[in-house]
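Work through the exercises below with the model open. Try each task before you read its solution.

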Amino acid sequence: MTDYRLFIGGEWIESRSGRRLDAVNPFNQEVWATVPEADPADVDRAVAAARRTFDQTWSKTSGLARAQMMNRLADLLDQHAHRMAVLESTDNGKVIRETENQMHFAARNYRFFAGYADKLYGEVIPLDNPALLDYTLREPVGVCALIIAWNSPMQLLANKLAPALAAGNTVVVKPSEHASVTTLEFAKLVEEAGFPAGVFNVVTGGPAVGDYLTRHPGVDKISFTGGPGTGRVIARNASENLVPVTLELGGKSPNIIFADANLPRAITGAVAGIFAASGQSCIAGSRLLVERAVYDQVMDELVRRARRIRLGNPLEPATEMGPVANQPQYERILDRIEKGITEGARLVTGGTVKDPGLERGYFIAPTVFGDVAPEMTIAQEEIFGPVLSVIPFDNEDQAVSIANATNYGLAAGVWTENLSRAHRVARALKAGTVWVNTYRTSAAQAPFGGVKRSGYGRERGWHALAEYLVVKNVMIDLSQEC
Ligand code: NAD
């Protein structure tokens with residue numbers, strides 16, 4: 001059992017309040033670590049440290065030096081991937097294979113953005129008046145507040161921190177109260193990589209800490225990953241200080257199987273799309289739209305595979321699905337399953353789990369609802385759990401119209417062997433990411449983010465750098481006249 005401290009200005013300190021939060025293992029409900037609950041004075045101190053380091057050191061550090069530190073950090077994360085994955089799986093219940101892959105993917109993101117750190121130059125702009133020299137500088141925004149959710153802390157952090165550091169910003173990170181441990185462990189790797197004290201600061205705690213941080217007048221930029229309700233509060237907080245904000249919110253992503261698809265591949269994509277990470281993935285393909293001609297065939301195979309998924313201890317390599325991450329989430333998912341039944345959807349498989357050895361874990365079986373109507377709650381609201389709503393459709397236009405008929409627009413999948421249809425539907429879907437004949441595939445180079453209530457701004461890819469840079473225009477009169 002480890003009692004962690006806050007990481008502020010390069011020091012490990014207790015919170016001013018002395019209060020602590022328990023880290024609970026969702027597999028057995030045991031408290032396995034504690035983290036401090038920061039109070040406003042701690043947040044003030046973290047923002048001041050980030051500001052001091054930004055002004056005095058980091059904004060004067062060359063892109064090459066920043067890149068070298070980021071590459072060292074990536075190497076350290078690769079070296080410590082297994083240990084970090086064990087901690088993350090213990091904290092949020094995600095299976096070790098997934099968390100370990102995510103550590104390496106996070107490392108890949110630090111390397112990708114390190115490559116940009118010494119290439120952030122502006123342009124020279126020819127003006128109408130040739131006596132004027134005009135050019136742009138791309139400068140860091142300053143102190144960034146990064147707020148993340150519990151489902152994939154190290155990956156969500158990399159999405160924000162890698163471009164923020166490459167661009168020359170300093171940060172204050174607030175991980176979720178449900179999974180803070182790896183962010184604090186990661187701070188040790190940041191220290192070891194040689195970053196100056198104050199570049200990376202961590203304050204742990206719940207909504208009150210996040211609220212105080214996002215209203216802080218010393219913060220120049222906010223980036224948030226979490227639910228849409230919290231996103232709204234944070235956008236309001238950002239508006240008080242008129243600072244830019246990036247919002248990565250939830251989704252209710254459609255995964256569309258046309259009758260002309262390679263069905264075995266499509267079904268594998270549909271199963272992984274919803275049941276990976278126990279469905280606690282913002283990009284989960286939680287609505288499966290299936291063309292009526294193959295509906296029964298797809299349903300039968302889907303249900304057979306869902307029942308075969310091996311639940312168990314997330315730390316055991318053979319486990320295919322772990323518990324959901326915490327008690328509030330567990331109760332919320334069960335409540336949504338009840339709602340699906342009440343509204344008349346057909347529960348084909350899933351629900352609660354009574355298997356011996358799993359009694360103390362927050363387990364929910366892979367759950368499939370058939371014959372779901374597009375307007376039902378389970379087809380409209382994000383559940384963030386292993387619950388799939390299967391909706392039949394009759395033709396391409398109807399599929400697109402059902403797919404677009406939610407408030408969300410994070411991701412979508414299309415399964416077809418018809419090339420023209422693939423492009424046509426990809427264009428028609430209202431989503432930040434469209435996958436064709438694959439699902440849930442991420443790349444450091446590919447921009448990621450939402451439209452509609454799934455948020456705004458982009459992470460990953462060069463597009464993410466724009467979120468952490470401001471353009472300054474410099475105009476110089478070269479004429480000799482007095
Ligand atoms: P959440 O919104 O409850 O919490 C996210 C973070 O915000 C936590 O650190 C929390 O402490 C903090 N927070 C809560 N209230 C706050 C406030 N008033 N001011 C400032 N900070 C506050 O979300 P969650 O339950 O941790 O995560 C689940 C949600 O995250 C889902 O909706 C999911 O889709 C979304 N998510 C989105 C992405 C994406 O990239 N789009 C990725 C993962 C998760």
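Buried means under 20% relative accessible area, exposed means over 50%, and partly exposed lies in between (1.4 Å probe, protein chains only). The model is predicted, so local features need pLDDT of at least 70, side-chain atom pairs count only at pLDDT 80 or more, and totals for chains, interfaces and linings use all residues. Residues are numbered from 1 along each chain as its sequence is written, and side-chain values use heavy atoms, with hydrogens and water left out.

**Exercise 1. Overall build**

Task: Compare the radius of gyration of the protein chain with that of a compact globule.

Solution:
- Step 1. Take the radius of gyration over C-alpha atoms; the globule rule is 2.2 Å times the number of residues to the power 0.38.
- Step 2. For 482 residues, the rule puts a compact globule near 23 Å. The protein chain has 23 Å, so the two agree.
- Step 3. Add the box: along the principal axes, the C-alpha atoms fill roughly 80 × 60 × 40 Å.
- Step 4. Add the burial: 58% of the 482 residues are buried.
- Step 5. Count secondary structure as DSSP runs, numbered from the N terminus: helices (H or I, at least four residues) and strands (E, at least two). The chain has 14 helices and 20 strands.

**Exercise 2. Thr 367**

Task: Is Thr 367 buried or exposed, and which residues is Thr 367 in contact with?

Solution:
- Step 1. Locate Thr 367 in strand S15 (residues 364-370).
- Step 2. Its relative accessible area is 0%, so Thr 367 is buried.
- Step 3. List contacts, meaning heavy atoms within 4.5 Å. Leaving aside neighbours within four places in sequence, the partners of Thr 367 include Phe 275, Ile 337, Leu 347 and Pro 386.
- Step 4. Check the side chain. A polar atom there lies 2.7 Å from the backbone oxygen of Ala 365.

**Exercise 3. Ser 180**

Task: Where does Ser 180 lie, and which backbone oxygen lies 2.7 Å from a polar atom of its side chain?

Solution:
- Step 1. Ser 180 sits in the loop between strand S8 (170-174) and helix H6 (181-193).
- Step 2. Ser 180 is buried, at 3% relative accessible area.
- Step 3. The backbone oxygen belongs to Ser 176.
- Step 4. Outside the neighbours within four places in sequence, Ser 180 is in contact with Val 35, Asp 91, Pro 175 and Thr 204.

**Exercise 4. Salt bridges**

Task: Which parts of the chain does the pair Arg 421 and Asp 260 tie together?

Solution:
- Step 1. Apply the rule: a side-chain nitrogen of Lys or Arg within 4 Å of a carboxyl oxygen of Asp or Glu. The count comes to 24 salt bridges.
- Step 2. Arg 421 and Asp 260 meet in one of them, at 3.0 Å, N to O. Arg 421 lies in helix H14 (residues 419-428) and Asp 260 in the loop between strand S12 (254-257) and helix H9 (263-275), so the pair ties together parts 161 residues apart in sequence.
- Step 3. Compare burial. Arg 421 is buried at 15% relative accessible area, whereas Asp 260 is partly exposed at 29%.
- Step 4. Repeat for Arg 336 and Glu 381, whose closest N and O atoms are 3.1 Å apart. This pair ties together parts 45 residues apart in sequence. Arg 336 is buried at 16%, while Glu 381 is partly exposed at 36%.
- Step 5. Join the shared partners: Asp 260, Glu 396, Arg 421 and Arg 424 form one network of salt bridges.

Note on methods: A polar contact is a pair of N or O atoms within 3.5 Å; within protein, one must be able to donate a hydrogen and the other to accept it, and residues adjacent in sequence count only if both atoms are side-chain atoms.
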